[in-house]
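Visitor: Please show the model, and then take me through its salt bridges and pockets.

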Amino acid sequence: MDVKDVKPDIESFKTSQLKHVKVDEKNLLPTANDLMEERRPEELPNVDEVTKFNAANLKKVETKDKTVLPSQDVIKEETVHSRAEIKSFDSSKLKKVDVEEKNTLPSEQTLMAERRPDVLPPVAAGVGDFDSSKLKHVETKEKSVLPTTEVIKQEAAQSRDLVKTFDHGKLKHVDVDEKNPLPTAQTLMEERKPETLPDVSGVSTFDSGKLKHVETEVRTRLPSKGDIDAEFVDSRAEVKGFDKSKLKHVE
């Protein structure tokens with residue numbers, strides 16, 4: 001079907017024949033009460049034994065770190081071994097590999113061939129013999145003229161006069177009815193508050209003198225400024241002593 005066949009039907013269509021349809025929203029958003037009912041478990045846990053728990057029955061446990069980080073000496077030793085392996089590597093054992101590009105980009109001729117249609121349209125008989133001297137000179141006249149500064153100032157003055165003379169008494173009072181109000185801070189606090197608060201009477205009578213002093217030991221140690229400077233000097237020495245003649249040319 002072509003656009004020309006459908007265009008007369010579109011132009012002759014009468015919008016007055018359309019019927020008004022009211023939208024009925026089937027999927028309503030749940031209220032705050034519905035969300036509270038869904039979050040509430042069927043059976044609340046019993047927390048009576050928590051208040052009767054005796055903390056003196058607990059045993060002291062020392063945390064032992066299983067993952068031990070290497071020391072500074074181990075890191076230096078591994079660095080020296082790695083550098084020695086790099087220096088003693090024989091690059092002559094490497095094989096020359098020719099890079100073959102699998103996914104080549106199309107050339108300009110390939111793009112032109114893809115754009116060309118399979119069947120070319122027939123050229124009109126009079127196009128080749130057409131005499132362009134028979135054409136008349138036509139001057140283009142711009143229909144869309146931009147307003148000048150004076151016109152803009154005049155329209156601005158008229159607009160201000162309309163605003164000043166506007167009668168506010170013709171306006172009608174409208175009450176805004178908010179359909180989906182956001183919850184207030186008090187509503188959020190009520191939703192977060194559990195129905196049954198736990199008994200915290202034992203917190204006030206807790207004796208902090210029974211706690212033991214624990215010293216924190218930091219296992220991860222950062223290298224000092226001297227270590228960083230030493231590694232920097234070693235790296236620069238290796239770069240300066242590198243033999244570029246061992247490199248092979250790769251196309």
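**Salt bridges and pockets**

Guide: Arginine 83 has a relative accessibility of 17% and therefore counts as buried, where buried means under 20% relative accessible area, exposed over 50% and partly exposed in between, with a 1.4 Å probe and protein chains only. This is a predicted model, in which local features need pLDDT of at least 70, side-chain atom pairs count only at pLDDT 80 or more, and totals for chains, interfaces and linings use all residues. Residues are numbered from 1 along each chain as its sequence is written, and side-chain values use heavy atoms, without hydrogens and water.

Visitor: Which residue meets arginine 83 in a salt bridge?

Guide: A salt bridge is a side-chain nitrogen of Lys or Arg within 4 Å of a carboxyl oxygen of Asp or Glu. Arginine 83 lies in helix H4 and its partner in helix H9, 151 residues apart; helices (H or I, at least four residues) and strands (E, at least two) are DSSP runs, numbered from the N terminus. The partner is partly exposed at 35%. The N to O distance is 3.3 Å, and the partner is aspartate 234.

Visitor: Which residues do salt bridges with shared partners join into one network?

Guide: Arginine 40 pairs with glutamate 37, with the closest N and O atoms 3.6 Å apart. Arginine 40 also pairs with glutamate 195, at 2.4 Å. That second pair links the loop between helix H2 (32-39) and H3 to the loop between helix H7 (185-192) and H8. The network consists of Glu37, Arg40 and Glu195.

Visitor: Is glutamate 195 buried or exposed?

Guide: Its partner arginine 40 is partly exposed, at 37% relative accessibility. Glutamate 195 has 54% relative accessibility, so it counts as exposed.

Visitor: Which helix gives the most to the lining of the largest pocket?

Guide: A pocket is an open set of points on a 1 Å grid over the protein atoms alone, where a 1.4 Å probe fits, with protein on both sides within 12 Å along at least five of seven lines; lining residues have an atom within 4 Å of a point. The largest pocket has a volume of about 1100 Å³, and 33 residues line it, with Phe206 and Lys210 among the closest to its centre. Helix H3 (48-51) and helix H8 (201-204) each give two or more residues to the lining. With three residues, the helix that gives the most is H8.

Visitor: What is the volume of the second largest pocket?

Guide: Its lining has 19 residues, and H4 supplies the largest share, three residues. The volume is about 540 Å³.

How values were computed:
Grid points are joined across faces, edges and corners, and a volume is the space filled by probe spheres set on the points.
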